[in-house]
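Good morning, and thank you for making time for this presentation. Please look at the sequence and the structure together, and I shall then take you through selected details.

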Amino acid sequence: MTSTIAVAGKGGTGKTTVSGLIIKYLLEKKMTPILAVDADANSNLNEVLGVEVENSIGGVREDITKNVGSIPPGMPKDAYLELKVQEILVEANGFDLLVMGRPEGPGCYCYVNNILRKYMDILAKNYRYVIMDNEAGMEHLSRRTTYEVDHLLLVSDTSPRAIRAAAKIKDLARELELKVKKTHLIINRVPDIELNPVLKHEIERLNLELLGIVPLDERILEIDLEKGPIFELPDDSGAFRAISNLMGELKL
Ligand SMILES: Nc1ncnc2c1ncn2[C@@H]1O[C@H](COP(=O)(O)OP(=O)(O)O)[C@@H](O)[C@H]1O
Ligand SMILES: [Mg+2]
């Protein structure tokens, strides 16, 4: 059985960092194989994971719709698309990475999209864990009707606006009828040991379930500056210990 964890939240709150730290945790616990999915068109999950990426699902979609002649004669279109997805899947140490790239434009090439989606669902089943780093909105998930998310992790910083954005995403997931089993809130980059009581109150008021807090960790910023992979963060750093505790709570 595959467990899918989707990470969402307002831009800049730490979704990509949290996704990377979750992958670090799973790798260290030997909870593999892992599929990392970069579902944010402007994201850099590959940088955080320290891997090079050449192409994306969006790129394959664009190539094939612009240049149908690229399909070798006699080869069925779906077999060709499967092959292309295999090609863009980056195989790293203990995990694979799939980059979604640009979303489908308004001129929907449904046939191509349907094959790609079907194939991605089949692909995901080969892994024990799927970690998806999402863009702020969740609309891209709604196009994947069969998709089930076991844990939706809403990441916020300590600003009330980001917490309200998390609540909106939770509502949106419900409106879009996404199949989400459980939704949790993570407050990231917390400068103090505890959350401000006013924020705690706001979280309760918005009916969000707080999974835990991740401290502000200077080492994360240094790694980011050096464009290093998040795996360089020491295991005894506050942020990694916090993520380890949160992951333990999920009882995967
Ligand atoms: N716990 C943390 N402590 C310190 N810096 C952090 C922490 N989490 C994220 N950051 C930094 O905050 C910035 C935004 O994080 P990022 O993960 O890219 O956010 P998002 O993916 O939500 O846009 C980055 O510079 C990142 O290094
Ligand atoms: Mg990001």
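I begin with a pair of charged side chains: Glu 62 and Arg 102 meet in a salt bridge, with 3.3 Å from N to O. This is a predicted model, and what I report should be heard in that light. The pair links distant parts of the chain, 40 residues apart. Glu 62 belongs to helix H3, residues 57-66, whereas Arg 102 sits in the loop between strand E4 (95-99) and helix H5 (110-124). As to accessibility, Glu 62 is partly exposed, its relative accessible area being 25%, while Arg 102, at 55%, is exposed.

A second pair joins two helices. Arg 164 forms a salt bridge with Glu 202, and the closest N and O atoms are 3.8 Å apart. Here too, distant parts of the chain are linked: Arg 164 lies in helix H7 (residues 160-175) and Glu 202 in helix H8 (residues 197-205), with the two positions 38 residues apart. Is Glu 202 buried or exposed? With a relative accessible area of 14%, Glu 202 counts as buried because that value is under 20%. Its partner Arg 164 is partly exposed, at 40% relative accessibility.

A third pair consists of Lys 200 and Glu 194, whose side chains meet in a salt bridge at 3.0 Å, N to O. Lys 200 is partly exposed, with a relative accessible area of 35%, and Glu 194 is exposed at 52%. In addition, Lys 24, Glu 28 and Asp 235 are linked in a network of salt bridges. In total, the structure holds 13 salt bridges.

I turn now to two aspartates. Asp 38 lies in strand E2 and is buried, at 2% relative accessibility. Which residue, 61 residues away along the chain, has its C-alpha atom 4.7 Å from that of Asp 38? That residue is Val 99. Setting aside neighbours within four places in sequence, Asp 38 is in contact with several residues, among them Leu 97, Leu 98, Val 99, Met 100 and Gly 101. Ser 43, Asn 44, Leu 45, Asn 46 and Asp 133 are also in contact with Asp 38. The side chain of Asp 38 has a polar atom 3.2 Å from the backbone nitrogen of Asp 40. A polar atom of that side chain also lies 3.3 Å from the backbone nitrogen of Leu 45.

Asp 40 itself is found in the loop between strand E2 (34-39) and helix H2 (45-49). Why does Asp 40, though buried, have no salt bridge? The nearest side chain of opposite charge, Lys 15, is 5.3 Å away, and a salt bridge requires a separation within 4 Å, so the pair does not qualify. The side chain of Asp 40 does have a polar atom 3.0 Å from the backbone nitrogen of Asn 42. Beyond its neighbours within four places in sequence, Asp 40 is in contact with Asp 133, Asn 134 and Glu 135.

The next topic is the ligand. There are 16 residues around ligand 1, of which Gly 12, Thr 16, Thr 17, Arg 189 and Asp 224 come nearest. An oxygen atom of ligand 1 is 2.9 Å from a polar backbone atom of Gly 14. For Thr 16, the separation between an oxygen atom of ligand 1 and an N or O atom of the side chain is 2.8 Å. For the side chain of Thr 17, the corresponding value is 2.6 Å. Taken alone, ligand 1 exposes 570 Å², and the protein buries 84% of that area.

I close with backbone geometry. Arg 189, one of the residues that come nearest to ligand 1, has a positive phi of about 60 degrees although it is not a glycine. Arg 189 is located in strand E7, residues 179-190, and is partly exposed at 36% relative accessibility. Asn 207, likewise not a glycine, has a positive phi of about 65 degrees. Asn 207 occupies the loop between H8 and strand E8 (210-215) and is exposed, at 60% relative accessibility. Finally, which form does the peptide bond from Thr 32 to Pro 33 take? That bond is cis, with omega near 0 degrees, and Pro 33 is found in the loop between helix H1 (15-28) and E2.

Key. Residues numbered from 1 in each chain as written. Chains lettered and ligands numbered in written order. Predicted model: local features only at pLDDT ≥ 70, side-chain atom pairs only at ≥ 80, totals over all residues. Heavy atoms only, no water. Helix = DSSP H or I, 4+ residues; strand = E, 2+ residues; numbered from the N terminus. Buried < 20%, exposed > 50% of the residue type's maximum accessible area, 1.4 Å probe, protein only. Lys, Arg positive; Asp, Glu negative; His and termini not counted. Polar contact = N/O pair within 3.5 Å; in protein donor to acceptor, adjacent residues only side chain to side chain. Contact = heavy atoms within 4.5 Å. Near = heavy atom within 4 Å. Areas by Shrake-Rupley, 256 points an atom, 1.4 Å probe, with all protein chains shown as cover.
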